[in-house]
Amino acid sequence: MDFKPFIRDVNDFPKTGVIFKDITPLLNDNNALKAACQILFEKVHGQHIDKVVGVDSRGFIFAPLLASKLNAGFVPVRKKGKLPYKTLSESYALEYGTDSLEIHVDAIKKGEKVLVHDDVLATGGTAEAVCKLVERLGGEIVQCNFLIQLDFLNGAEKLNGYDIKTLLKY
């Protein structure tokens, strides 16, 4: 299935000069949604996964679906201050300043096999921070997967050493 027709470009969002890759047309189409989920599942199928980590917020769409198909648990990684229990925090660089992501301290046990999922791999800072959180808890990252990879932003360089799988590349 060609998924590119289901990705809408939105100019100047969230700020001037950015072309945002909007996945909502894909989510709105039953066949595209099912096919995307199936292909993401096939990219990791056959590997043992204990937990699927979904990144706030669009990573929360496919990560629980993948966790269910993989008979794994789902772990949300959220922006600072959004999780209700004790957390670990990891900061990462933004274009202007920094931000932080958090994970519950008991979300991943030492030695658990982890799939990290987010909607877009852009500069790689968010995904790198998530990988650091997982590893600080003792998890082993089996794969990082994304709906979209923006090659021109070189985010994969920050994930050097991790197995990266994507549905679409731009």
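1. Contact, as the word is used in this note, means that heavy atoms lie within 4.5 Å. The structure discussed here is a predicted model, and the points below should be read accordingly.

2. Contact in this sense describes the surroundings of helix 4, which spans residues 125-136. The buried residues of this helix are Gly125, Ala127, Ala129, Val130, Cys131, Leu133 and Val134. They are covered by elements that include strand 3 (51-55), strand 4 (73-79) and strand 8 (140-149), together with strand 5, strand 6 and strand 7.

3. The length of helix 4 is as expected, because its 12 residues should span 16 Å at 1.5 Å a residue and its end C-alpha atoms are 16 Å apart. After helix 4 comes Gly138, which has a positive phi, near 95°.

4. Helix 2 (30-42) may be examined in the same manner. Its 13 residues reach 18 Å from the first C-alpha to the last, close to the 18 Å expected at 1.5 Å a residue. Ala32, Ala35, Ala36, Cys37, Leu40 and Phe41 are the buried residues in helix 2. Packed against these buried residues are helix 1 (24-28), helix 3, strand 7, strand 8 and strand 9.

5. Glu42 also belongs to helix 2. With a relative accessibility of 48%, Glu42 counts as partly exposed, because that class lies between buried, under 20%, and exposed, over 50%. Glu42 and Leu66 are 24 residues apart along the chain, and their C-alpha atoms are separated by 9.9 Å.

6. The interior deserves separate comment. In soluble globular proteins, nonpolar side chains tend to be buried together. In this model the largest nonpolar core has 28 residues, of which Leu26, Ile49, Val52, Leu70, Leu147 and Ile148 touch the most other members. Two or more residues of this core come from each of helix 2, helix 3 (59-69), strand 7, strand 8 and strand 9 (164-169). Helix 2 makes the greatest contribution to this core, with 6 residues. A second, separate core comprises 23 residues, including Val55, Leu101, Cys131 and Leu137.

7. Val52 illustrates the packing within the largest nonpolar core. Leaving aside residues up to four places away in sequence, Val52 touches Ala63, Leu66, Ala67, Leu70, Ala72, Gly73, Phe74, Val75 and Leu115. Val52 and Leu70 are both among the residues that touch the most other members of the core.

8. The largest pocket has a volume of about 1200 Å³. It is lined by 34 residues, and those closest to its centre are Pro14, Arg58, Ala122, Thr123 and Thr126. At least two lining residues are supplied by each of strand 2 (19-22), strand 5 (87-94), strand 6 (97-104), strand 7 (113-121) and helix 4. Strand 7 gives the most to the lining, with 4 residues. By residue type, the lining divides into 19 nonpolar, 5 polar and 10 charged residues.

9. Two cis peptide bonds merit inspection. One runs from Phe13 to Pro14, with omega near 5°. Pro14 is found in the loop between strand 1 (8-11) and strand 2, and it is one of the residues closest to the centre of the largest pocket. The other cis bond joins Asp56 and Ser57, with omega about 0°. Ser57 is placed in the loop between strand 3 and helix 3.

10. Positive phi values should also be checked at two residues that are not glycine. Asp12 has a phi of about 60° and lies in the loop between strand 1 and strand 2. Its relative accessible area of 44% makes Asp12 partly exposed. Asn71, with a phi of about 55°, is in the loop between helix 3 and strand 4. Asn71 counts as exposed, because its relative accessibility is 73% and the exposed class begins over 50%.

11. A final point concerns Asn160, which is found in the loop between strand 8 and strand 9. At 69% relative accessibility, Asn160 counts as exposed. Asn160 and Leu83 are 77 residues apart in sequence, and their C-alpha atoms are 29 Å apart in space.

Terms used: Residues numbered from 1 in each chain as written. Predicted model: local features only at pLDDT ≥ 70, side-chain atom pairs only at ≥ 80, totals over all residues. Heavy atoms only, no water. 1 Å grid on protein atoms, 1.4 Å probe; cavity = no way out; pocket = protein on both sides within 12 Å on 5 of 7 lines; lining within 4 Å. Points joined across faces, edges and corners; volume = space filled by probe spheres on them. Nonpolar A, V, L, I, M, F, W, Y, C, P; charged D, E, K, R; others polar. Expected span 1.5 Å × (residues − 1). Buried < 20%, exposed > 50% of the residue type's maximum accessible area, 1.4 Å probe, protein only. Core = buried A, V, L, I, M, F, W, Y, C linked by side-chain atoms within 4.5 Å.
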